[in-house]
Amino acid sequence: MASLAATRAEARVSAGYIVLLGDSVFDNAAFVDEGREVVAQLRGALSTSGWRAMLAARGGAMVEDVSRQLARLPGDATHLIVSVGGNDALRAEAMLAEPARSVAEALARLDILRERFRRTYRTMLDAVCAHGLPVAVCTIYDPRFPDAARQRLAVAGLTLFNDAILREAFARDLAVIDLRLICSDPADFANAIEPSALGGAKIAAEIVAMVTAGPVAQRGFRVFAGRQRRP
């Protein structure tokens, strides 16, 4: 059944329907001028091609919330793009301030956190992939906290979450949109954790690059990261 759905999706690729799942990386309308949010810029970039885009993502969403977003999936969707995990990481941030008797003890605690997130992300991704459509997942970009110490710890901590995301993507041979390399400039952010209009434009452009790369690139592992795009 999944294979048949994927075949049908490829047949409709000339008039595809992208669904954005996840959190405020996609649902960033509250932080930018009207019409400059990610989905609006994506629709603008696709306006002459017959493609459509739907925003199912919701600000504040956690990994476990994606299952409810999938319930809104239109029957003619052809591509699913997932960007989620940043809010899970924010909720776990307090652990970085906990004391530890040794580096080994600290690493052991962090590994428990990583594995817990990986299990949750795996369950979510299984549900997304069960629809039999081309799927791309996004890494969690580095935030822009004004406090240097918090920023340094956040970037280090996010490597655990991104490792889990990448491992699950690799295991399923999914395309990856690496937001760490796409949103790499302060101007890409509307605040410490939300994409600006400029950042949203970069994200939208990379999604367009992904869906127009052809069915092989969409279903086989490939990293999309602007000029850093790799086979």
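I will talk about one long stretch of this predicted model, helix H6, then about the residue that follows H6, and finally about a pair of packed helices.

Residues are numbered from 1 along each chain as its sequence is written. Because the model is predicted, local features need pLDDT of at least 70 and side-chain atom pairs count only at pLDDT 80 or more, while totals for chains, interfaces and linings use all residues, and side-chain values use heavy atoms, with hydrogens and water left out.

Let me start with H6, residues 148-172, where helices are DSSP runs of H or I with at least four residues, and strands are runs of E with at least two, numbered from the N terminus. Its 25 residues should span 36 Å, taking 1.5 Å times one less than the number of residues, and the end C-alpha atoms are indeed 36 Å apart, which agrees. H6 nevertheless bends by about 25 degrees at Leu160, the bend being the angle between axes fitted to the seven residues ending there and the seven starting there. Leu160 is also buried, as are Phe161 and Ala164, among others in H6, where buried means under 20% relative accessible area, exposed over 50%, and partly exposed in between, with a 1.4 Å probe and protein chains only.

What follows H6? Asp173 does, with a positive phi of about 60 degrees, in a residue other than glycine. Asp173 lies in the loop between H6 and strand E5 (175-177), and is partly exposed, at 39% relative accessible area.

Lastly, H2 (residues 38-46) and H8 (residues 197-211) pack at about 45 degrees, with axes 8 Å apart.

Key. Axes are lines fitted to C-alpha atoms, for helices over the stretch in contact, and angles run from 0 to 180 degrees between N-to-C directions.
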